[in-house]
Amino acid sequence: MANRGPSYGLSREVQEKIEQKYDPDLEQRLVDWIVGQCGGNLERPQTGRENFQKWLIDGTILCRLINSLYPRGKDPIKKILETQMAFKQMEKISQFLQAAEAYGVTTTDIFQTVDLWEGKDMAAVQRTLMALGSVAVTKDDGHYRGDRDWFHRKAQGYRREFSQEQLRQGQSLIGLQMGSNRGASQAGMTGYGMHRQIM
């Protein structure tokens, strides 16, 4: 963790708003899922935002989590070395984020490494893990382990097929979004500079 002094003024207010987004109930659900997904030899953290951060900060658990969502031998992160070197731990977090994006988590749902490393936005870490769980449940490929009600299924695309005749007919129609000129006329309109004559 970085050694930073206390923040004041607007910076403090912004940080407090970010910290309010953190959900302790969601933390417990995520811990339950990660422990169940990665296997039984994983130690649970004590409750609390700081403990959740310390549990995930070295990146090892995150790498094990993403690897558990793939078939054996197709792990996206080949070597997960446990190390105390800060840059190696941050590298593991980055590898997790890249693998999560490749798995199907949208870029907007992915946290930045400093959000976890410095504890700046643990709510963003929760959102990423929720999005990862939702993608895993939606894929339904047999690698997800846990309660399916913990995460929402993502909507699937519904592709429509139109024949050439239907497409041709659609080109001749004017959509109502473009407006209509029914009932429009120039009656009562006068040219520029001309006075209207009332009879």
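**Close-up views of a predicted model**

**View 1. Helix H7 is a mostly covered helix.** Of the 18 residues in H7, 16 are buried. This model is predicted, so please read each view with that in mind. The helix runs over residues 122-139 and reaches 26 Å from its first C-alpha to its last, close to the 26 Å expected at 1.5 Å a residue. Follow the chain just past the end of H7 and you meet Asp140, which takes a positive phi of about 50 degrees.

**View 2. The largest nonpolar core draws on several helices.** This core holds 43 residues, and the members that touch the most others are Ile34, Leu56 and Leu129. At least two core residues come from each of H2, H3 (49-56), H4 (60-68), H5 (86-103), H6 (113-117) and H7. Which helix gives the most to this core? The answer is H7, with ten residues. As background, nonpolar side chains tend to be buried together in soluble globular proteins.

**View 3. Ile34 and its neighbours.** Here we zoom in on one of the three residues that touch the most other core members. Leaving aside residues up to four places away in sequence, Ile34 touches Leu42, Trp55, Leu56, Ile61, Leu65 and Leu129. Two of these partners, Leu56 and Leu129, are named alongside Ile34 as touching the most other members of the core.

**View 4. Glu27 is a buried acidic residue without a salt bridge.** Glu27 sits in helix H2, which covers residues 24-38. How far away is the nearest side chain of opposite charge? That side chain belongs to Arg49, 8.0 Å away, and Glu27 has no salt bridge although it is buried. A salt bridge here needs a side-chain nitrogen within 4 Å of a carboxyl oxygen. Look instead to Gly48, whose backbone nitrogen lies 3.1 Å from a polar atom of the Glu27 side chain. Beyond residues up to four places away in sequence, Glu27 touches Tyr22, Gln46, Thr47, Gly48, Arg49, Phe52 and Gln126.

**View 5. Asp32 and Arg44 form a salt bridge.** The closest N and O atoms of Asp32 and Arg44 are 2.7 Å apart. Asp32 belongs to helix H2 and Arg44 to the loop between H2 and H3, so this pair ties together parts that are twelve residues apart in sequence. Are the two partners buried or partly exposed? Asp32 is partly exposed, with a relative accessible area of 28%, and Arg44 is also partly exposed, at 44%.

**View 6. Two further salt bridges, Arg49 with Glu50 and Glu165 with Arg168.** The structure holds four salt bridges, and this view shows two of them. Arg49 pairs with Glu50, their closest N and O atoms being 3.3 Å apart. Glu50 is partly exposed, with a relative accessible area of 44%. Glu165 pairs with Arg168, and there the closest N and O atoms are 3.3 Å apart. Both Glu165 and Arg168 lie in helix H8 (residues 164-172), three residues apart, which is about one turn of the helix. An α-helix has 3.6 residues a turn, so residues three or four places apart point the same way. With 40% relative accessibility, Glu165 counts as partly exposed.

**View 7. Thr60 is a buried residue of helix H4.** Thr60 lies in H4. Its relative accessibility is 6%, so Thr60 counts as buried. Among residues more than four places away in sequence, Thr60 touches Ile80, Leu81, Glu82 and Lys92.

Terms used. Residues numbered from 1 in each chain as written. Predicted model: local features only at pLDDT ≥ 70, side-chain atom pairs only at ≥ 80, totals over all residues. Heavy atoms only, no water. Helix = DSSP H or I, 4+ residues; strand = E, 2+ residues; numbered from the N terminus. Buried < 20%, exposed > 50% of the residue type's maximum accessible area, 1.4 Å probe, protein only. Lys, Arg positive; Asp, Glu negative; His and termini not counted. Polar contact = N/O pair within 3.5 Å; in protein donor to acceptor, adjacent residues only side chain to side chain. Contact = heavy atoms within 4.5 Å. Expected span 1.5 Å × (residues − 1). Core = buried A, V, L, I, M, F, W, Y, C linked by side-chain atoms within 4.5 Å.
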